[in-house]
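Trainee: Could you take me through one part of this model in detail? I would like to look at a sheet and what lies across it.

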Amino acid sequence: MTRRAVAFDRVAVFVSGLGLTALGCLMVAWRRGSVSPSGFQVTLATALSDPEWTWWSAGAGVLLVVVGLRWLATHHWPPRAGRVALPTQALKASADATSVADAAVAALAQDAAVVKCSGAATVERGVPTVTLTATVPARHGLDAGAAAADRVAETIAVMLGDTVAVRTVLRVDAKRGAIVR
Amino acid sequence: MTAADTQPMATPVPRPAPAPRASAGASRIAVGCAIAIVAVGGVALRDAALALGWIRGGPWLPPALRAIAELRPAWWLTPAGAALAVVGVALCVVACAPRRRTARPLTAATAVYVRRADVVTVAAAAARDVPGVLNCRATASRRAVTVRCRITGGQLGDDVRAAVSEQLGRLDPAPRVVVRLRTEQPS
């Protein structure tokens, strides 16, 4: 999701909350006799008896379906990163970010501390981001896993510079009791 | 040979990616709202198709709207209105709430995180390795990790605390370790 989509969600939910709060207060006030929605009810009854109600209904239905589907479409996974430019001055070269992530996974998986490993290259806030997820044993796994992640991330930095951001998330396998170091 | 030639090359460090976070609560509610909007639109289209004679059946929207138009003040308006207001305030709070961090940072040269649930796993495993500990459960808050152990006896509090602190020493910041012990006689 983009930051704009999240901001839109927040504003929409906030406005909906304000609307529901106002509606609830109106209902309580109506019961107490402070307000009367008779004008709104008359308008609604008139609209229902309007011969063009069918077309209003069809138009509103199309509009609501389109708006709802467009809103739903903004809730997608972050897009995959494409090619990233290599920090070379001699020639213009680029590398496939997904292949970089796959190579990093292969390198990380070779470490004895890592039980399982996966990776993905996505675009987050406009920056190609490689996310590595490694499973380590519960005992001494954090130290060994962090050291292995540092080595792999530094190798990526040597190859690609700071054109990509790197993040490693460690998971812990409680069933693995082996002490790594 | 210059002084610069003799200096060791600095290890390049990649750009750190931001900490993983859960999706915003507002986004989850928004998905529900979007689905509801599509559903209402679908019902409106169905009623339109019904009026045009394309399908058979009874209309759904006009009876519902007519019920609203003919609504009169009743006792249930007060609790229903109060409930709606509470839900509305809750929505406003959720809309403003920041996204929750799903992982905690580790002390490392690059951006390395461990999932919050796994901090508990590591703490419990470390405590179980202490001789004399029969079983152990752990819970973690933002700043502290609490381990509750059943032990055979003796003063094991410091040992358990040291073992857990050693395993979680990489967390940044290192959490406060609270140990609760309960002595049990093995049957």
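Mentor: What follows describes one sheet of chain B and the helices against it. This is a predicted model, in which local features need pLDDT of at least 70, side-chain atom pairs count only at pLDDT 80 or more, and totals for chains, interfaces and linings use all residues. Residues are numbered from 1 along each chain as its sequence is written, chains are lettered from A and ligands numbered from 1 in the order in which they are written, and side-chain values use heavy atoms, with hydrogens and water left out.

The sheet in chain B is open, with three strands in the order S4-S5-S6 and mixed pairing. Strands are DSSP runs of E with at least two residues, helices are runs of H or I with at least four, and both are numbered from the N terminus; two strands pair if DSSP finds at least two bridges between them. Strand S4 (133-140) and strand S6 (176-183) of chain B each have a single partner strand, so one side of each has no neighbour in the sheet. From one strand to the next, the twist averages 20°. Angles run from 0 to 180 degrees between N-to-C directions, and axes are lines fitted to C-alpha atoms, for helices over the stretch in contact.

Strand S5 (residues 144-151) of chain B runs parallel to S6(B), and eight bridges join them. In this sheet, B:Val147 stands opposite B:Val179 of S6(B).

Two helices remain to be placed. Helix H5 (residues 116-128) of chain B lies across S4 and S5 of chain B, at about 160° to S4(B); contact means heavy atoms within 4.5 Å. Helix H6 (residues 157-167) of chain B lies across S4, S5 and S6 of chain B, at about 140° to S6(B).
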